[in-house]
Amino acid sequence: SSARLSGLGTTIFAEMSALALRTGAVNLGQGFPDTDGPAEVIEVAVDALRGGRNQYAPGTGVPELRHAIAAHQKRFYGVDVDPDTEVGVTTGATEAIASALLGLIDPGDEVIVLEPYYDSYVAVIQMAGGVRRPVTLRAPDFRLPIDELRAAVSPQTTAILLNSPHNPTGTVLRREELDAIAAVAVEHDLVVISDEVYEHLTFDGIPHIPITTLPGMAERTLTISSGGKSFSFTGWKIGWATGPASLVQAMIGAKQFLTYTSGSPLQPAIAHALGADDAYFDTFHSRLQAQRDQLCDGLAEIGFEVYVPEGTYFATTDIRPLGFDDGVEFCRTLPGLAGVVAIPHQVFYDDVAAGRPLVRWAFCKQPAVIEQALERLQVLA
Ligand code: PMP
Ligand code: GLN
């Protein structure tokens, strides 16, 4: 394979899901829900499939989805985007991230990322010829070290790739943290690519604040999200980006030669989903919050040190109180030991020592499944 792929290996999510299948372990690794999203959304997709919407969509997405995305940004955040020039539909948030980086980064450019980072960020920065500059969120509270962010900027820095709510730590960036990031971005004239796929999964009343809403940010922020997380259709791979036309156009400029367009019949269905009433979103995050509490309480009882997340699908633990110290080794042996799969943080760090004892567990699973995993994990207690 090419030098572009050097050192990237196989994504941890594929490795761990394959391990779960092979061993029959309960999969609390890869973050996907084990129940489908709303039945009426599926019906819209079925109607679109039967109704002949099976040829290429426009390159930036079908009009009703672009309009629904714009309406969603207005409804939840008061943000105005033009559905014709400031919205681009992609094959999942993953493609939005990849096309944004390929469309905006030149070889040698430095991109600041929060560490632990979502693994595709590292791969795509490398494929684009860029250089990552990680800023580490550290246990126990995983807050943004603002001085380290400032120190990470160099004359080569062109972009900050943000993620809040943050996978895997569950941190939701607060107003003060976002203000500090915005100040750095404005001072150094940086583009911010903001991955907000967990925008509807914050807990305990903590608000999700899109950084594009801060002063001076709308003109430099590309905001990315996905129907997978908000509506439990991760396999549909319908994502999008919104922002100034110049940034959306740069992203679409790369996307057009990667996939050209994204799945036509699923787009009207996600358009319909985005119009869900407030009760849908309230029930959605309350349900996930209850599952978070079930998992976190259970893991704490077993003896893990648990870092209760403010958002996302994931809880993080330190495994050292149970006598382990290497998360990668722990996760490789856990299916044999207890019949459960989890994800080691370590693979998401340059500073591997910071991530070594940390393990991520997904709670986007039915309560009975979480219960079964916790029962199995009792052997570690
Ligand atoms: N960003 C983050 C932080 C994620 O956790 C995920 C998880 N799937 C993605 C992007 C990718 O989203 P999609 O499935 O829509 O490509
Ligand atoms: N975002 C999910 C996770 O972090 C799924 C990742 C993937 O399969 N690429 O587990």
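## Strands, a buried helix and two ligand shells

Strand S5 (residues 157-163) is largely enclosed by the rest of the structure, because 5 of its 7 residues are buried. This is a predicted model, and every value below is computed from it or comes from a record.

**The record**

UniProt lists residues 26-377 for "domain: Aminotransferase class I/classII large". That entry is unreviewed. Over residues 26-377 the chain is 41% helix and 17% strand. The end C-alpha atoms of this stretch are 10 Å apart.

**Around strand S5**

S5 has two pairings to follow here, one with S3 and one with S6. Strands of a sheet pair through backbone hydrogen bonds, either parallel or antiparallel. Strand S3 (residues 110-115) pairs with S5 in the parallel sense, over 4 bridges. Within that pairing, Val111 has Ala159 of S5 as its bridge partner. Strand S6 (residues 191-195) also runs parallel to S5, and 5 bridges join the two. Here Ile160 is bridged to Val192 in S6.

A helix belongs to this part of the chain as well. S5, helix H7 (residues 175-187) and S6 make a β-α-β unit. The unit is right-handed.

**Helix H4**

Helix H4 covers residues 92-104, 13 residues in total. From first C-alpha to last it reaches 18 Å, close to the 18 Å expected at 1.5 Å a residue. H4 is mostly covered, with 11 of its 13 residues buried. The buried set includes Gly92, Ala93, Glu95 and Ala96. Ile97, Ala98, Ser99 and Ala100 are buried too. So are Leu101, Leu102 and Leu104. An α-helix has 3.6 residues a turn, so residues three or four places apart point the same way.

**The ligand shells**

Which residues are the closest to ligand 1? They are Gly92, Ala93, Thr94, Asn167 and Ser226, out of 14 residues that surround this ligand. H4 gives the most to the shell, with 3 residues. By class, the shell around ligand 1 divides into 3 nonpolar, 9 polar and 2 charged residues.

Ligand 2 is surrounded by Thr11, Phe13, Gln30, Gly31 and Asn167. Its shell has 1 nonpolar residue, 4 polar and no charged ones. Asn167 is listed for ligand 1 and again for ligand 2.

**An antiparallel sheet**

Further along the chain is another sheet to trace. Four strands form an open sheet in the order S9-S10-S13-S12, with antiparallel pairing. Its edge strands are S9 (305-307) and S12 (343-344), each of which pairs on one side only. S12 pairs with strand S13 (residues 358-362) over 2 bridges, in the antiparallel sense. Ile343 has Arg360 in S13 as its bridge partner.

**Backbone exceptions**

Most residues other than glycine have a negative phi, and most peptide bonds are trans. The table gathers four sites to check against that background.

| Site | Feature | Angle | Loop |
|---|---|---|---|
| Glu115 and Pro116 | cis peptide bond | omega about 0° | Pro116: between S3 and helix H5 (119-127) |
| Ser164 and Pro165 | cis peptide bond | omega about -15° | Pro165: between S5 and H7 |
| Ser232 | positive phi | phi near 60° | between helix H8 (227-231) and strand S8 (238-242) |
| Thr312 | positive phi | phi about 75° | between S9 and strand S10 (314-318) |

The loop with Pro116 starts from S3, a strand that pairs with S5. The loop with Pro165 lies between S5 and H7, two elements of the right-handed unit.

Are Ser232 and Thr312 buried or exposed? A residue is buried if 20 or more other C-beta atoms lie within 10 Å of its own. Ser232 has 20 such neighbours, so Ser232 counts as buried. Thr312 has 30, so Thr312 counts as buried as well.

**Pro210**

Where is Pro210? Pro210 lies in the loop between S6 and strand S7 (221-226). Pro210 counts as buried because 22 C-beta neighbours fall inside 10 Å. Pro321 is 111 residues from Pro210 along the chain. The C-alpha atoms of these two prolines are separated by 36 Å.

Key
Residues numbered from 1 in each chain as written. Chains lettered and ligands numbered in written order. Predicted model: local features only at pLDDT ≥ 70, side-chain atom pairs only at ≥ 80, totals over all residues. Expected span 1.5 Å × (residues − 1). Buried ≥ 20, exposed ≤ 12 C-beta atoms within 10 Å, placed from the backbone. Pairing = 2+ DSSP bridges. Right-handed = clockwise from strand over helix to strand, strands pointing away. Near = placed C-beta within 6 Å. Nonpolar A, V, L, I, M, F, W, Y, C, P; charged D, E, K, R; others polar. UniProt positions renumbered as here; feature names shortened; annotations may be inferred.
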